[in-house]
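Subject: Structure for your attention, with notes

Dear colleague,

I am handing over the structure we spoke about, and below it you will find an account of what came out of the analysis. Please read the notes with the structure open beside them.

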Amino acid sequence: MVKRKVEPVLAEILEAIEGIETHTAGKSLAEFEHDWLLRHGTQRALEIISEASRHIPDELLNLAPDIPGKKIRGIGNILRHEYHKIADDVIWVVVSENISPLKAAVKAIQKSIGDKKQP
């Protein structure tokens, strides 16, 4: 795996999270289930989050111990290779319950990196 700078990776994750938040805001599971483009766009954003998270060193992921780094990294494989088994309600739980804490964790990691750079 090619080593990438962490700051752009974190920015990519935040962009994907904000896209999910924007397009799922005010939606119900039923609306999500009946909107092909919303479902697939959300799944793609989760793939991006998953892949990008692979470029975050474990010591930075450990700054947010309540966020399951291995599960985040692993969901991309499920979305890519086992897409026929994906349950909309499972994705909806990720969106409705896990995206906000993940966003907070990414921002905390960004802050810790910024704090280390200051003299």
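Helices here are DSSP runs of H or I with at least four residues, strands are runs of E with at least two, and both are numbered from the N terminus. On that basis the elements of the chain run α-α-α-α-α-α from the N terminus on, which comes to six helices and zero strands. Please keep in mind throughout that this is a predicted model.

As to the overall form, the radius of gyration of the chain is 15 Å, close to the 14 Å that the globule rule gives for 119 residues, so the chain is as compact as a globular protein of that length. The C-alpha trace spans about 50 × 30 × 20 Å along its principal axes. Of the 119 residues, 39% are buried, while the chain exposes about 7500 Å², with carbon and sulfur atoms supplying 56% of that area. If one takes the contacts between residues at least 6 apart in sequence, 77% of them join residues at least 24 apart.

The aromatic rings gave a brief result, since the count comes to one aromatic pair. Phe-32 and Trp-92 form this pair, which is tilted, with 5.1 Å from centre to centre and 45 degrees between the planes. Phe-32 belongs to helix α2 (residues 29–33) and Trp-92 to helix α6 (residues 88–117), so the pair ties together parts that are 60 residues apart in sequence. Both Phe-32 and Trp-92 are buried.

Trp-92 appears again in the surroundings of Thr-24, which touches Leu-38, Thr-42, Trp-92 and Val-95 when residues up to four places away in sequence are not counted. Thr-24 lies in helix α1 (residues 6–24), and it counts as buried because its relative accessibility of 9% falls under the 20% cut-off. The side chain of Thr-24 reaches the backbone oxygen of Ile-20 at 2.6 Å.

Arg-4, by contrast in position, is placed in the segment before α1. With a relative accessible area of 30%, Arg-4 is partly exposed, and, again leaving out residues up to four places away in sequence, Arg-4 touches Val-9, Glu-12 and His-55. The C-alpha atoms of Arg-4 and Ala-64, which are 60 residues apart along the chain, are separated by 20 Å.

With best regards

Key: Residues numbered from 1 in each chain as written. Predicted model: local features only at pLDDT ≥ 70, side-chain atom pairs only at ≥ 80, totals over all residues. Heavy atoms only, no water. Buried < 20%, exposed > 50% of the residue type's maximum accessible area, 1.4 Å probe, protein only. Polar contact = N/O pair within 3.5 Å; in protein donor to acceptor, adjacent residues only side chain to side chain. Contact = heavy atoms within 4.5 Å. Phe/Tyr/Trp six-rings, centres within 6.5 Å; stacked < 30°, edge-to-face > 60°. Rg over C-alpha atoms; globule rule 2.2 N^0.38 Å. Areas by Shrake-Rupley, 256 points an atom, 1.4 Å probe, with all protein chains shown as cover.
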